[in-house]
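User: I would like a close look at one part of this predicted model. Start at the surface, then work inward from there.

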Amino acid sequence: MTLAATELAFRAASVALLLVLAASLLSDFRNVLAARLGAAFALGSAAHAASYSVGVSSLVAGWHAPLIALSTGNIVVFWLFTRALFDDEFRLRRWHGLVWALVTAFSFAGCVWIAPGGYARFSVTAVNLLVLGFIAVAIGQTIASWPADLVERRRRVRVFIVCAAALYGGLNAVLQIAVAGSEVGGVADTINTGVLACVVAAIACAMMRVDGADLFPASAAAPAILARPAPVDESADQKLIDALMRLMADERVYRQENITIGVLAGRLKIPEYRLRRLINQRLGYRNFNVFLNNHRIEEAKAALADPAQAEVPVITIAMDTGFQSLGPFNRAFKAVTGVTPTEYRRLKVNAI
């Protein structure tokens with residue numbers, strides 16, 4: 001088999017697998033944001049598999065430019081996908097779409113006008129620096145949110161998915177910058193497409209080995225913290241849950257600054273992994289910060305509804321319950337109650 005035929009086979013395999021993955025996500029989890037973004041990322045990756053070559057010259061075919069632009073814009077989708085995959089409360093905003101459109105448009109302009117105008121190295125370097133920037137942000141936010149993730153199987157797969165995609169994308173970006181404006185074909189393109197096919201197959205395999213409900217929950221709504229915990233068979237687990245709820249209700253440990261699951265596990269004298277499992281499997285939470293914030297919001301709701309505290313500023317109540325600033329408090333409060341703290345206070349006052 002010639003190099004060209006081998007390269008074509010690798011590209012076809014990658015595109016086919018990515019299309020199947022996108023169709024599967026949309027078929028099984030079409031109502032879940034993370035799954036829709038995952039499908040969009042798979043489709044963008046298919047455009048990359050069909051269009052990418054090492055050492056792009058200044059002349060790009062007209063039909064090739066849109067695929068390259070979509071491939072470049074896919075790094076924004078990758079960033080959003082990692083946000084949604086590991087943050088159940090993440091929501092798309094209009095500016096996210098604007099960022100994607102700007103990156104895609106810049107890449108298209110680079111293919112059609114900038115590179116043909118004699119600035120191929122500038123165009124390729126600028127585009128791939130953007131790619132490296134979004135990869136760095138995606139890795140950073142994944143690492144930052146990892147300690148709060150309570151879903152064990154999702155914790156294991158998140159590092160692999162992000163690192164595999166980021167490593168491939170990062171190495172390609174560095175390679176493109178290094179050889180910008182020159183033609184490097186043949187063996188280099190064949191090796192690249194082979195590596196891409198292996199990465200796509202590995203990610204698809206990793207996602208299939210994890211329960212879809214762990215990666216893409218049907219509902220991100222957090223359980224009510226006042227609900228009775230699910231029945232447990234082990235008396236030791238029940239005692240730990242009771243002790244945990246006493247820490248939250250009586251000692252209000254959620255008020256402590258920078259409280260972590262490790263600190264809470266230390267207070268209960270149990271390993272951190274066991275506390276994660278208890279909060280996730282027995283109380284139904286997928287994220288430790290949501291668990292803490294729901295307790296904080298319950299206290300804030302009581303304070304806002306208390307006529308004796310009608311003159312207490314909202315920011316004071318937010319700080320007293322453990323929030324570090326007003327913005328996160330307002331967002332978390334509205335996510336739980338559907339209204340802002342000020343609106344909630346007004347509704348309670350009017351109801352008296």
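Which residues make the nonpolar surface patch, and how many Å² is it about?

Analyst: Four residues make the patch: Leu3, Val187, Ile191 and Val195. Its area is about 340 Å². Helix H6 is the main contributor, with three residues.

Take valine 187 as the example. It sits in helix H6. Its relative accessibility is 48%, so valine 187 counts as partly exposed. The exposed class begins over 50%, and the buried class lies under 20%, so 48% falls in between. Patch residues need over 30% relative accessible area, so valine 187 clears that cut-off.

Now the wider fold. The protein has 14 helices and zero strands. Read along the sequence, the pattern is α-α-α-α-α-α-α-α-α-α-α-α-α-α. There are 352 residues, and 47% of them count as buried.

Next, the interior. Two cavities of 30 Å³ or more turn up in the whole structure. The largest holds about 830 Å³ of space. It is lined by 45 residues, and the closest to its centre are His48, Tyr52, Ser71, Thr72 and Val131. The elements giving two or more lining residues are H1 (3-29), H2 (33-51), H3 (64-86), H4 (94-145), H5 (152-178) and H6 (187-208). So H6 serves twice: it gives the most to the nonpolar patch, and it also lines the largest cavity. The top contributor to that lining is H4, with ten residues. By class, the lining of the largest cavity has 29 nonpolar and 16 polar residues, and no charged ones.

The second largest cavity has a volume of about 40 Å³. Its lining consists of Glu89, Val290, Asn293, Asn294, Ile297, Ala332, Ala335 and Val336. Helix H11 and helix H13 (326-337) each supply at least two of these residues. H11 gives the most, with four. The class split is five nonpolar, two polar and one charged. The charged residue is Glu89, because Glu counts as charged. The two polar ones are Asn293 and Asn294.

H11 leads on to the charged pairs. Side chains of opposite charge can pair when their charged atoms come close. The structure holds eight salt bridges. One of them joins glutamate 299 to arginine 255, with the closest N and O atoms 2.2 Å apart. This pair links distant parts of the chain. Glutamate 299 lies in helix H11 (residues 288-305), while arginine 255 is in the loop between H8 and helix H9 (261-268). The two are 44 residues apart. Glutamate 299 is buried, at 14% relative accessible area. Arginine 255 is partly exposed, at 36%. The 20% cut-off therefore puts the two partners in separate classes.

Another bridge runs between aspartate 237 and arginine 274, with a closest N to O distance of 3.0 Å. Here too the pair ties distant parts of the chain: aspartate 237 is in helix H8 (residues 235-249), arginine 274 in helix H10 (residues 272-282), 37 residues apart. Aspartate 237 is buried, at 11%. Arginine 274 counts as partly exposed, at 28%.

H10 also holds a bridge of its own. Arginine 276 and glutamate 272 meet at 2.5 Å, N to O. Both lie in helix H10, four residues apart, about one turn of the helix. Arginine 276 counts as buried, with 4% relative accessibility. Glutamate 272 is partly exposed, at 33%. Shared partners also join Asp237, Arg274 and Arg282 into one salt-bridge network.

Back to the patch. Its residues are Leu3, Val187, Ile191 and Val195, three of the four coming from H6.

Note on methods:
Residues are numbered from 1 along each chain as its sequence is written. This is a predicted model: local features need pLDDT of at least 70, side-chain atom pairs count only at pLDDT 80 or more; totals for chains, interfaces and linings use all residues. Side-chain values use heavy atoms; hydrogens and water are left out. A salt bridge is a side-chain nitrogen of Lys or Arg within 4 Å of a carboxyl oxygen of Asp or Glu. Buried means under 20% relative accessible area, exposed over 50%, partly exposed in between (1.4 Å probe, protein chains only). On a 1 Å grid over the protein atoms alone, a cavity is a set of points where a 1.4 Å probe fits but cannot get out, and a pocket is an open set with protein on both sides within 12 Å along at least five of seven lines; lining residues have an atom within 4 Å of a point. Grid points are joined across faces, edges and corners, and a volume is the space filled by probe spheres set on the points. Patches are made of residues with over 30% relative accessible area and no salt bridge: like charges are joined within 9 Å, nonpolar side chains (Val, Leu, Ile, Met, Phe, Trp, Tyr) within 5 Å. Accessible areas come from the Shrake-Rupley method with a 1.4 Å probe; for residues, only the protein chains shown count as cover.
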